[in-house]
Amino acid sequence: MTEAHPSLSHSSPTTGSPAAPDGPGYTGGLSVLAALVEPPGLPGPAEAQDGAGESRTAPSTGVQDRLAGRLSDFTSLHEHTERLARARGLDATLAAVLASGADLLGAARGVLVTRRPGGGPGQPLGLGLDRASLGALETVPFEQSLLARLLRDRDRPERLHSPDLAEDPATGARLRELAAQLGLGGCYGLPLATEEDGPLAAAVWFYDRPAEPTERQRELAHRYCRFAAPLIAKQLEADKVLRTTEALRRGLLPDRLPQPAGLRLAARLVPAALDRSNGSDWYDAIPLPDGTVGLTVGSVSGDGPGAGPGSAPGAAAAMGRVRAALRAYAVLEGEDPVSVLGDLELLLKTTEPARSATAVYAWVEPDERRITLAGAGHCPPVLVNRHGAEFVETSLSAPLGMLACWEAPGVEFTAERGDTLLLYTEGLARRCGPTLHAGQANLRRAAADAPRDVRIDPDRLCAHLLAVCPNREDGAGASAAADDLMLLGARFE
């Protein structure tokens, strides 16, 4: 989109931002909205007397109409700010701002961008504009962009508008061309900024014909954007934390899996919603010096430093420490899964006393297709074979860190060529059914019923199981999105 020429209608530039509402929450914003009901200069009920103290006649029809109009404005703005306050997440907040701005201005379409850390517009969000139209608008030269101008730190206008983009000589040639091509009439743009953060986002709304918003519509849109800016600031900060945490969590897990001779490995991870997660899952495949492989999945949870809902960075950091320790124990004594988990339990109780962990560790000899494994409070693995799928029943045991001393016997068995061993965490099982037990049974059944061409490819099998297990609620009514979804598959060639 183009900024156009300096003659394009706009307010006086400003280096600051419009005053923010009383607070970023919905309640504080009502003090801004209340000013609409009783505009300056109109007497209140207590003032409706003349100088002699006698009651005056009822307000004129014109005053009543103005009051009715103001009350209608208040009601409309109240509804839109309430809708915005209910939005959850950055994407929902930006979509609400774009839709409400269009309603308040009487516009049909719009585009909104957030400011990149280095300045300038980011990925556009459209209203009534498909992906091709948004892509076309992105071809407008940056130095001419209206959105870029609304995001400036200095010389930032309070608004930008044009009654007819296709015919306005002040707009750039590229925008005039696109306006005619996309059927864009007039436009009206506003920055979303706070005094503390400066410009955060910018939005431009379009009419389907040459038009301009009325003074009343402009006032409503400006008030709404002043209310919305602090909320956007909070959502942008939360999104930054989310992205940083996701990078941390993924950085603590393998960036690729080894592919030893005779064994094909694949994994899937779908992280939980960070605002509700109080744990963090891991998976790993560890090539050992003697040519064997250690496979493990597990989950760390508890109330240690930085733990609890909404504190995924602390849980992820603890997961990283536990996984690193398990790798070391696997290299030292990987052929004995019970010893590996026993050492991990001692470390957990010593260094992470307020946390616990569930885990399964399998020592695999690819040439012999021999598997020795042990589990600690973990879901039983599933072995997918030519006859279907069956659980590998491990001995019942408590999670690591829960008892004075953990120990459980290992399980040893031999797989056939073409079999696939599936290790998974509790989150996936809970996603597959209303209870943990039902979810495990549904997961086993889904693996058994998978098409043959899917079952022979561990990567496709992992993707298939995630796709066919619906997202349900557990028996307590908590969404499975509060748990990571983790799946590790190993097929014997």
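Is Cys-225 buried or exposed? I began my notebook with this residue, and at 5% relative accessibility I count Cys-225 as buried, because buried means under 20% relative accessible area. I keep in mind throughout that the model I am reading is a predicted one.

**Entry 1: cysteines.** I looked up a second cysteine, Cys-462, and I found that its relative accessibility is 0%, so Cys-462 counts as buried too. I then asked how many disulfides there are, and the count came to 0 disulfides.

**Entry 2: helix α13.** Cys-462 led me to helix α13, which covers residues 458–468 and whose buried residues are Pro-458, Leu-461, Cys-462, Leu-465 and Leu-466. Looking down the axis of α13, I noted that these buried residues fall within an arc of 135°, so they line one face of the helix. A general point helped me to read this: an α-helix has 3.6 residues a turn, so residues three or four places apart point the same way. At the start of α13, I saw that a side-chain oxygen of Asp-457 comes to within 3.0 Å of the backbone nitrogen of Asp-459.

**Entry 3: Ala-450.** Next I looked up Ala-450, which sits in the loop between α11 (436–448) and α12 (452–455). With a relative accessible area of 5%, Ala-450 is buried. I also noted the separation of its C-alpha atom from that of His-464, which is 7.7 Å, although the two residues are 14 residues apart along the chain.

**Entry 4: Pro-213.** Where does Pro-213 lie? I found Pro-213 in the loop between β8 (198–206) and α7 (215–251), and its relative accessible area of 5% makes it buried. Along the chain, Pro-213 and Gly-106 are 107 residues apart, yet I read a separation of 7.2 Å between their C-alpha atoms.

**Entry 5: Glu-352.** I went on to Glu-352, which belongs to the loop between α9 (337–351) and β12. At 9% relative accessibility, Glu-352 counts as buried. Which side chain does the side chain of Glu-352 contact? I found a polar contact with the side chain of Arg-321, at 2.6 Å.

**Entry 6: positive phi.** Before this entry I reminded myself that most residues other than glycine have a negative phi. Asp-155 is not a glycine, and yet I read a positive phi of about 55° for it. I placed Asp-155 in the loop between α5 (146–150) and β5 (156–157), and at 48% relative accessibility I wrote Asp-155 down as partly exposed. Arg-369, which is not a glycine either, has a positive phi of about 55°. I found Arg-369 in the loop between β12 (355–365) and β13 (370–376). At 19% relative accessibility, Arg-369 counts as buried, because the cut-off for buried is under 20%.

**Entry 7: the cavity.** Last, I looked for enclosed space, and I found that the structure holds 1 cavity of 30 Å³ or more. About 30 Å³ of space lies in this largest cavity. Which residues line the largest cavity? I listed Arg-249, Leu-253, Leu-269, Pro-271, Ser-280, Asp-281, Met-319 and Asp-484. Sorting this lining by class, I wrote down 4 nonpolar, 1 polar and 3 charged residues.

Definitions and conventions:
Residues are numbered from 1 along each chain as its sequence is written. This is a predicted model: local features need pLDDT of at least 70, side-chain atom pairs count only at pLDDT 80 or more; totals for chains, interfaces and linings use all residues. Side-chain values use heavy atoms; hydrogens and water are left out. Buried means under 20% relative accessible area, exposed over 50%, partly exposed in between (1.4 Å probe, protein chains only). Helices (H or I, at least four residues) and strands (E, at least two) are DSSP runs, numbered from the N terminus. The arc is that of the directions from the helix axis to the C-beta atoms. A polar contact is a pair of N or O atoms within 3.5 Å; within protein, one must be able to donate a hydrogen and the other to accept it, and residues adjacent in sequence count only if both atoms are side-chain atoms. A disulfide is a pair of cysteine sulfur atoms within 2.5 Å. On a 1 Å grid over the protein atoms alone, a cavity is a set of points where a 1.4 Å probe fits but cannot get out, and a pocket is an open set with protein on both sides within 12 Å along at least five of seven lines; lining residues have an atom within 4 Å of a point. Grid points are joined across faces, edges and corners, and a volume is the space filled by probe spheres set on the points. Ala, Val, Leu, Ile, Met, Phe, Trp, Tyr, Cys and Pro count as nonpolar, Asp, Glu, Lys and Arg as charged, and the others, Gly among them, as polar.
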